[in-house]
Amino acid sequence: MRGAKTKLSPEALEYLAAHSRQDEVLARVERETAGMPRAMMQISPEQGALMELLVRLAGARDALEVGTFTGYSAICVARGLPTDGRLTCLELEREYADIAQRNVEAAGLADRVTINVGPADEALEAMPEEPAFDFVFLDADKTGYPAYYELILPRMRPGALLLIDNILMDGDVVDPEPGSSAEVIAALNAKVAADERVDAAFAMVADGLAFVRKR
Ligand SMILES: C[S@@+](CC[C@H](N)C(=O)[O-])C[C@H]1O[C@@H](n2cnc3c(N)ncnc32)[C@H](O)[C@@H]1O
């Protein structure tokens, strides 16, 4: 069996988070979100720092986020864009979208971020089926991922990068319960791994992150 290259303690993971760039705006978003019932949904500081860097490295100008919650990842993605870049966020819940909007404004990014409220599949279907995005972050309801994947791909430019979050589902993808979200994600992982339309790499960032480049 191929084993892990490192043994990580909780302290080592905390060290990673502590050494990831996080300014006062993001620290406040993290603090305030921590008081909410579903705070665990927020990405980690080290994932946010990585995503900002990736958006910048990709030279992305037109970005899409599916699943915004209180806006932590949206701020990271938007910061990686040039000043005339655009980030479109899709978020189901009005309450979360309103908080994210306030946080994006506090970060001084309101001019490049638009938050659409409603089901992501409907919003994606309403977008023209043409290559528009050069960076996409998928982090919404897990059972919707397979449909989102097929809706997102045609809307990505060749060479564009898609990040898919939570591909490990706390490790449950290894032996998923029949009918569970983990089973859905496991099937999608197998599909992505064999998909001739993309280059793909799976990495142990947070709860697992797929790096998917459209060919
Ligand atoms: C894991 S959280 C996103 C975390 C966010 N990326 C962050 O960094 O804080 C998933 C989000 O997807 C939203 N969501 C769930 N179902 C959705 C749907 N059908 N369409 C759009 N958003 C959805 C949830 O309301 C939630 O805010």
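These notebook entries record what I looked up in a predicted model.

**Entry 1: cysteines**

I searched the whole structure for disulfides and found 0. I then checked C76, which takes part in no disulfide; the nearest cysteine sulfur, that of C89, is 11 Å away. Since a disulfide requires two cysteine sulfur atoms within 2.5 Å, the separation of 11 Å between the sulfurs of C89 and C76 is too far for a bond. I also looked up the accessibility of both residues. C76 is buried, at a relative accessible area of 1%, and C89 is likewise counted as buried, at 0%.

**Entry 2: helix α4**

I turned next to the helix that holds C76, namely α4. This helix spans residues 72–80, and 9 of its 9 residues are buried, so the rest of the structure largely encloses it. Among the buried residues I noted Y72, I75, V77 and R79.

**Entry 3: salt bridges**

I recorded 15 salt bridges in the structure and examined three pairs.

I began with R56 and E52, whose closest N and O atoms are 3.0 Å apart. Both residues belong to helix α3 (residues 45–57), where they are 4 residues apart and thus separated by about one helical turn. I recalled that an α-helix has 3.6 residues a turn, so residues three or four places apart point the same way. R56 is partly exposed, with a relative accessible area of 46%.

I then inspected the salt bridge between K191 and E150, with closest N and O atoms 2.6 Å apart. K191 is in helix α8 (residues 181–194) and E150 is in helix α7 (residues 145–152), so this pair ties together parts that are 41 residues apart in sequence. I found K191 partly exposed at 37% relative accessible area, and E150 partly exposed at 30%.

The third pair was E196 and R215, whose side chains meet in a salt bridge at 3.5 Å, N to O. I placed E196 in the loop between α8 and β6 (198–203) and R215 in the segment after β7 (209–214); the pair therefore ties together parts 19 residues apart in sequence. E196 counts as exposed, at 65% relative accessibility, whereas R215 is partly exposed, at 48%.

I also traced salt bridges that share partners: they join E150, K191, D195 and R197 into one network.

**Entry 4: surface charge**

Finally, I looked for charged patches and noted a negative one, formed by D121, E122, E125 and D141. I located D121 in helix α6 (residues 120–126). Its relative accessible area is 31%, which makes D121 partly exposed.

Key. Residues are numbered from 1 along each chain as its sequence is written. This is a predicted model: local features need pLDDT of at least 70, side-chain atom pairs count only at pLDDT 80 or more; totals for chains, interfaces and linings use all residues. Side-chain values use heavy atoms; hydrogens and water are left out. Buried means under 20% relative accessible area, exposed over 50%, partly exposed in between (1.4 Å probe, protein chains only). Patches are made of residues with over 30% relative accessible area and no salt bridge: like charges are joined within 9 Å, nonpolar side chains (Val, Leu, Ile, Met, Phe, Trp, Tyr) within 5 Å. Accessible areas come from the Shrake-Rupley method with a 1.4 Å probe; for residues, only the protein chains shown count as cover. A salt bridge is a side-chain nitrogen of Lys or Arg within 4 Å of a carboxyl oxygen of Asp or Glu. Lys and Arg count as positive and Asp and Glu as negative; His and the chain ends are not counted. The place of a charge is taken as NZ of Lys, CZ of Arg, CG of Asp or CD of Glu. Helices (H or I, at least four residues) and strands (E, at least two) are DSSP runs, numbered from the N terminus.
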